[in-house]
Each structure stands twice: as structure tokens, then as C-alpha cells.
Amino acid sequence: MERHIALELARITEAAALDAACWTGRGDKHSADEAATVAIRSLISSVDMDGTVVIGEGEMDEAPMLYIGEKVGNRRGPKVDIAVDPLEGTETVANGLNNAISVIAAAPQGHLLHAPDIYMAKLAVGPALAGRLSLDDPIEVTLTKASDILSKPLSEMTVSILDRERHRDMISALRQAGVRIKLLSHGDVMGAIEAAVESEVDLYVGSGGAPEGVLAAAALRCLGGEMQGRLLPGNTEEAERCRRMGLSDPQQLLGMDEMVGRGSVLFVATGVTSGDLLSGVRYLPNNTAETHSVIMHSLNRTVSYLRTIHHLAGAADHITEAAI
């Protein structure tokens, strides 16, 4: 994957974050998502790539733009798969909460999983645990193995999980094991990434959106971590959707190769509201605003942070204070 594409994608997620952030705390998640989607769609056609959206806003009959199968880019660059979530955390923005991001991942054509918009069981870990745990194991076994590998008592381990009713039994098992729990109100992608960066989180477990699982897997590939997943179709219709997207066994165990392939991967995200990894959009005097982004590249596992001051009077007029 060409490095210049990453910078172009960061410019696009910045624009999406700026437009979505205007809706922070206004209680209107649909307008926030629409603002981010329109911003990305208006800019992505200029990128030097021949891209196809494999994870986006939905299927063609559900989404007017950034739909699955839509061609993006100016067709003058490499053929790539694009996974995009213009606003990961729509309710987060609507309610003025933390950890909303605009995110795009890219990989060579045919490498990203065409994940349907259903639930996926997930296990995300950092480099120290990559390749050494299994989603097939009961959570108690997983915790014991992780404790031994990390030489860390269970009482000092931290596990993150979405705070959902469907996780009631798993949260109870975590509490019985004696680990610390970080309950997430939202932020499926960032929750998984935290397991592979400098944070207190050792593992991310539970179920969340399958598209978000692929986006997180792209970041974890760049970080040397690992995501394992298993789709959870709720009925025969969802199982058939999985088969139409190329999965003969809708409930097979999905590893990194199945989700993001073996080639190079790019992951770009810009904070909309502040979180543990990225600060959100901050409005400054003189009609300016500040954004914080992260750019990850799996080829050499580089992680770069970008702080940009935008002059809002003109979208093209901005100052970048952290060069890649």
C-alpha cells in the first residue's frame, strides 16, 4: 500500500470528524452520521486509488453513498478494498460522550472480509498474546492462559467489554475470576485497539458489530496484535447473507488472515470526541479547530500521530503540525 494514500485518507477522516463534531451533544445521531458520510464521500473520489467499499454504510438499497460495492478513488492508483465507518459512535456524539472516531482501513483488493452488519464474537489481544489464545476456549481458560503468558496475576489484569445485557454472563465470569473490568458504553473499534497499545487493557472480549471487528483487525495487524472473530447470525436470512459474502460456513473461526489478509494494511482514524487514544475535535479562537489522528501501516508497523490546525473558513487551508 502506497504511503501517500494514508495521508490522503487522514485528510478525509479529518474532514468527517470536523463535520460530525458540530453535532456533539445535540441528540441527533442521524445528522451526525450523515455529516461525516457526506464529508468522506465528497473527498474520497480524489484519492489516487481504484477502490471498492467492502465495509460501509450498508448495501446499495440501504445506503445512498459509501454502500458496499461502491467504487471510490480516481481509478488511477492501486486496486484496494476500503472499509469505512464515517462515524463510529453515532450515539456517543449525540450524547456528548467519549471515544467517537471517523475511521478508514485499506488493503489490497480481495484482502478485507466482506463482513455483514451482524454481531461477531471477538477476542482482541496485543503482541504478547497474539497467536497464543483461542476464541474457542471458555473465558476462564483464556484468562488463565493470558495470566501465565504475561506473568501477571488475574487480580492485576484488565479486560474490556461492551456494557450490554447480552454480556451479563461473561461479565459475571470475569468478576468471579477476579480481573478488573473496563465496561465500555460505546466504541467497539477503539475498545479492541486498546488491548494492543500502551494502556491498562490486556484483552478485549465479547460481541459487537462484525464490520467494526474487521476495522479493529486492520489496526491490530499494524500493531502486531490479533483479533479472532466468529460471526453470530441470528436467523437463516443473516446466515445466507454471510454465504453471499463468501463465507461457506457462516460460523467459522475467523483469524487475522481471514479478516484482513496477509498483505499490507492501512488504518487511519481521527477523533471526533476525546478518548484514551485520540483527542476529539477542539474548537479554537480565530475560526480554527484542532484534530488528532492516527495513521498505522502494517508493512513496517509504524504508528504516526497527526495534529492538525484547520482554518474553518476554507476547507483546503490548514496547517499540519506533525508531519508523517
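This is a quick talk about the largest pocket and one sheet in this structure.

Okay, so before anything else, keep in mind that we're looking at a predicted model.

Let's start with the pocket. How much space lies in the largest pocket? About 850 Å³. There are 33 residues lining it, and the ones closest to its centre are Asp 85, Glu 88, Thr 90, Asp 117 and Glu 212. If you sort the whole lining by type, you get 14 charged, 10 nonpolar and 9 polar residues.

Which elements supply at least two residues of that lining? On the helix side, you've got H2 (29-43), H3 (90-94) and H7 (210-223), and on the strand side, S3 (79-88) and S8 (203-209). The largest share comes from S3, with 4 residues.

Now, two of those names, S8 and H7, come back when we move to the sheet. Here 5 strands form an open sheet, and the order goes S7-S6-S8-S5-S9, with mixed pairing. At the edges sit S7 (180-184) and S9 (226-231), each pairing on one side only. From one strand to the next, the twist averages 15°.

A quick reminder for anyone who's been at the bench all week: strands of a sheet pair through backbone hydrogen bonds, either parallel or antiparallel.

So what about S5, residues 119-125, and S9: parallel or antiparallel? They're antiparallel, and the pairing runs over 6 bridges. If you want a spot to look at on screen, find Lys 122, which stands opposite Gly 229 in S9.

Last thing, back to H7. That helix lies across S5, S8 and S9, and it runs at about 20° to S5. H7 is also one of the elements supplying the pocket lining.

That's it from me, thanks.

Methods: Residues are numbered from 1 along each chain as its sequence is written. This is a predicted model: local features need pLDDT of at least 70, side-chain atom pairs count only at pLDDT 80 or more; totals for chains, interfaces and linings use all residues. Side-chain values use heavy atoms; hydrogens and water are left out. On a 1 Å grid over the protein atoms alone, a cavity is a set of points where a 1.4 Å probe fits but cannot get out, and a pocket is an open set with protein on both sides within 12 Å along at least five of seven lines; lining residues have an atom within 4 Å of a point. Grid points are joined across faces, edges and corners, and a volume is the space filled by probe spheres set on the points. Ala, Val, Leu, Ile, Met, Phe, Trp, Tyr, Cys and Pro count as nonpolar, Asp, Glu, Lys and Arg as charged, and the others, Gly among them, as polar. Two strands pair if DSSP finds at least two bridges between them. Axes are lines fitted to C-alpha atoms, for helices over the stretch in contact, and angles run from 0 to 180 degrees between N-to-C directions. Contact means heavy atoms within 4.5 Å.
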